[in-house]
Amino acid sequence: MEAVELCLSNGTAENADNCSIVLELTENDPLFDKKKKLLLDKGFGVKLQIYLKSSSSLDSISNTLERMLQIGRIIHLDEVELYFGEHDTQLGFYSTRNELEALNSMLLLVNNSLSGQTYKLVNVLQDLQEAVIDKIHKMGNKYKVEMKIDKTYIGDKEKILVQWGENNGVRTKLEIACKFSRFRTGWAGLLGSLKCVEGAGRGTIAMEDLKVGDIALEIPVSIIISEDIVYKCDLYNILQKIDGMSSESMLLLWSMKEKHNCDSKFKNYFETLPKEFNTGLSFGVDAIMALEGTLLLEEIMQAKEHLRNQYDEFFPALCNDYPDIFPAEFYTWEQFLWACELWYSNSMKVMFADGKLRTCLIPIAGFLNHSNILSDCGKPELYPHIVHYGKVDSVTNSLKFPLSRPCSAGEQCCLSYGNFSTSHLITFYGFSPQGDNPYDVIPIDIDVGQDDCIEDCPMSNWSTHMVQGTWRSNNHNIFHYGLPTPLLDYLRRVRNPLQQEKDLSQANLEIELEVLEDLQSTFSAMMESLGDSDFVDGENTSWDVKLAMESKDLQRKIISSILTSCSAGCKLVESELSRFVS
Ligand SMILES: C[S@@+](CC[C@H](N)C(=O)[O-])C[C@H]1O[C@@H](n2cnc3c(N)ncnc32)[C@H](O)[C@@H]1O
């Protein structure tokens, strides 16, 4: 899971009747040039100082917020959103994830500006704060999810862990549910749509109505499992002498032994962990065979090879040299894989008070599931309740999980593990999100040399190119075809480096045809390598083969959409070209 960092900075009070808030795109943003270009195109700079007067009316506050939001959205775009570059012109935003992050950054800026202001300015800032929260609420009404939980399913081990946590200073407004189903209300509810979540295992449910800013969960640093724990144990003296031994590897080896330790401080935590994680790293032979030709197969094989090399580096040497400290029965390849799956699927990156980022296991917080919601139009969305987490509060020496959007009593409270593709989620977390995931992209292997870069045009300079299902695009017109502009522009430039205007000249149209035919042949070959569609017999198919086939079908669906768009595009271009012939 990834921590989210803010890249906006806030300003200071100007005088008793004015204050300003500064929004800034920081230069260490890896997408700085591209975002800067977009900001300039929209008439903004990379730094914008917004002035608020104590006499500001509600209308002017609302306009100010809209302006701040336009900048905030661009600052919070991720690589995929920036590459595919389209935003929903009807709704006026890019994605629920982006909107939620932009709104919450605004809220943080306003909250920070509130301290130390004069009475009059506090009123204006509070109006702005309310306007932001109102926008967050309005977004949420469309996606209201209700959870049906059967409390008899709450397990004893989970109850004991929560009790242990509370005795050690954990504060929680969430309870653990072991089995639940959910159905959507709101527009979708009116349509009578019923959605069950299957296979998400345990999750966290709000015990009361939680507002934006409420702390859903607070974990003291003393019960967070981080590298500091290893430094205090008997393994450390040996591990520290091994060249290239990272703190992550030490933690893996520590957890393989600690789970057998009856006197462990974390015994209650280990008791709640599954015996098997069922991620892509545990796929059996049938599932691997079913994956032939897929990106998921590549991802799983690469990850497994890396882990196998790591295992072979340490074992059996450590068991042979120090059998008392590394008993062979605790350090089998299967146990190593279990520990890797634990750390991949349950760890979070945490910034500690000393400014160091450490990968940690966090008891109780480990029950938080990844947000995955279907919007009213059936589009799956990343819409987490908790966005900004992962930084230790140095005053309380605890990790807090504040709400970025409301969560009603009885609703599942989720965070985001990151903007991951389905193949990544299957490989490292063992699940495939519902419906169509915006991060399901197929990278295109083009060797983009330095000479190909256009210095003044950051939006055209991408070191990697990719495609996604063309059903996600709103623009299937000539010169677009539902395909990403950076890719099309790159392929056009390869054919004619001097092309400037996208007009309907014969030379341009001929290039369009070549580009589309080129893409068609690349993707036809990719489709062929996937073979025919497989039949899934729901009841008799194992979990891994089911996931493998789902993932293969998804890849087929994306490729098929590209082929359909290329062929529709060719027809459009040919029809324009026929004017020249006649
Ligand atoms: C950090 S744990 C969350 C708690 C977990 N559900 C449990 O029972 O221990 C991560 C695991 O939860 C499951 N999970 C999380 N979010 C999910 C989702 N949106 N859909 C399906 N499974 C999910 C996956 O198995 C994932 O590896």
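How many residues does α4 have, and how far does α4 reach from its first C-alpha to its last? In this predicted model, α4 has 19 residues and reaches 27 Å. That span is close to the 27 Å expected at 1.5 Å a residue. The helix covers residues 96–114. It is mostly covered, with 15 of its 19 residues buried. Just after α4, Gly116 takes a positive phi of about 75 degrees.

The overall make-up of the protein was examined next. The protein has 582 residues, of which 36% are buried. Its secondary structure comprises 19 helices and 17 strands. Among contacts with a separation of 6 or more, 73% join residues 24 or more positions apart.

The chain is divided into four parts: domain 1 (13–141), domain 2 (145–223 + 365–423), domain 3 (227–361) and domain 4 (442–581). Domain 2 is thus assigned as two segments, 145–223 and 365–423. Between domains 2 and 3, 14 residues of domain 2 are in contact with 15 residues of domain 3. Helix α6 (residues 156–167) supplies the largest share of the domain 2 side, with five residues. By class, that side holds six nonpolar, five polar and three charged residues.

Nonpolar cores form the next topic. In soluble globular proteins, nonpolar side chains tend to be buried together. The largest nonpolar core here has 67 residues, and Met106 and Ile219 touch the most other members. Helix α4 gives the most to this core, with seven residues. Leaving out residues up to four places away in sequence, Met106 touches Leu65, Met68, Leu69, Gly72 and Val132. A second, separate core has 32 residues. Among its members are Met250, Ile300, Ile426 and Val545.

Met250 also belongs to the buried set of helix α10. This helix runs over residues 247–258 and has 12 residues. It reaches 16 Å from its first C-alpha to its last, close to the 16 Å expected at 1.5 Å a residue. Besides Met250, the buried residues of α10 include Leu251, Leu252, Leu253, Ser255, Met256 and Glu258. The buried residues of α10 pack against four helices: α8 (227–231), α9 (235–239), α11 (267–271) and α15 (333–346).

Helix α11 holds Tyr269. Is Tyr269 buried or exposed? Tyr269 is buried, because 22 other C-beta atoms lie within 10 Å. Apart from neighbours within four places in sequence, Tyr269 is in contact with Leu161 and Pro363. Tyr269 and Thr541 are 272 residues apart in sequence, and 32 Å separates them in space, C-alpha to C-alpha.

A second tyrosine, Tyr490, is found in helix α17 (residues 485–495). Tyr490 is buried too, because 20 other C-beta atoms lie within 10 Å. The cut-off for a buried residue is 20 or more. Tyr490 and Ile74 are 416 residues apart in sequence and 23 Å apart in space, C-alpha to C-alpha.

Which residues come nearest to the ligand? They are Gly201, Arg202, Ser345, Asn369 and Phe431, out of 15 residues around the ligand. By class, this shell has four nonpolar, 10 polar and one charged residues.

Backbone geometry was also considered. Most residues other than glycine have a negative phi, and most peptide bonds are trans. Asn278 has a positive phi of about 55 degrees although it is not a glycine. Asn278 is found in the loop between α11 and α12 (285–290). With 19 other C-beta atoms within 10 Å, Asn278 is partly exposed.

Phe479 is another residue other than glycine with a positive phi, near 75 degrees. The loop between β17 (465–467) and α17 contains Phe479. Phe479 counts as partly exposed because it has 19 C-beta neighbours inside 10 Å.

A cis peptide bond links Phe315 to Pro316, with omega near 10 degrees. Pro316 is placed in the loop between α13 (295–314) and α14 (317–321).

How values were computed
Residues numbered from 1 in each chain as written. Predicted model: local features only at pLDDT ≥ 70, side-chain atom pairs only at ≥ 80, totals over all residues. Helix = DSSP H or I, 4+ residues; strand = E, 2+ residues; numbered from the N terminus. Expected span 1.5 Å × (residues − 1). Buried ≥ 20, exposed ≤ 12 C-beta atoms within 10 Å, placed from the backbone. Contact = placed C-beta atoms within 7 Å. Near = placed C-beta within 6 Å. Nonpolar A, V, L, I, M, F, W, Y, C, P; charged D, E, K, R; others polar. Core = buried A, V, L, I, M, F, W, Y, C linked by C-beta atoms within 7 Å. Domains from an automatic or database assignment.
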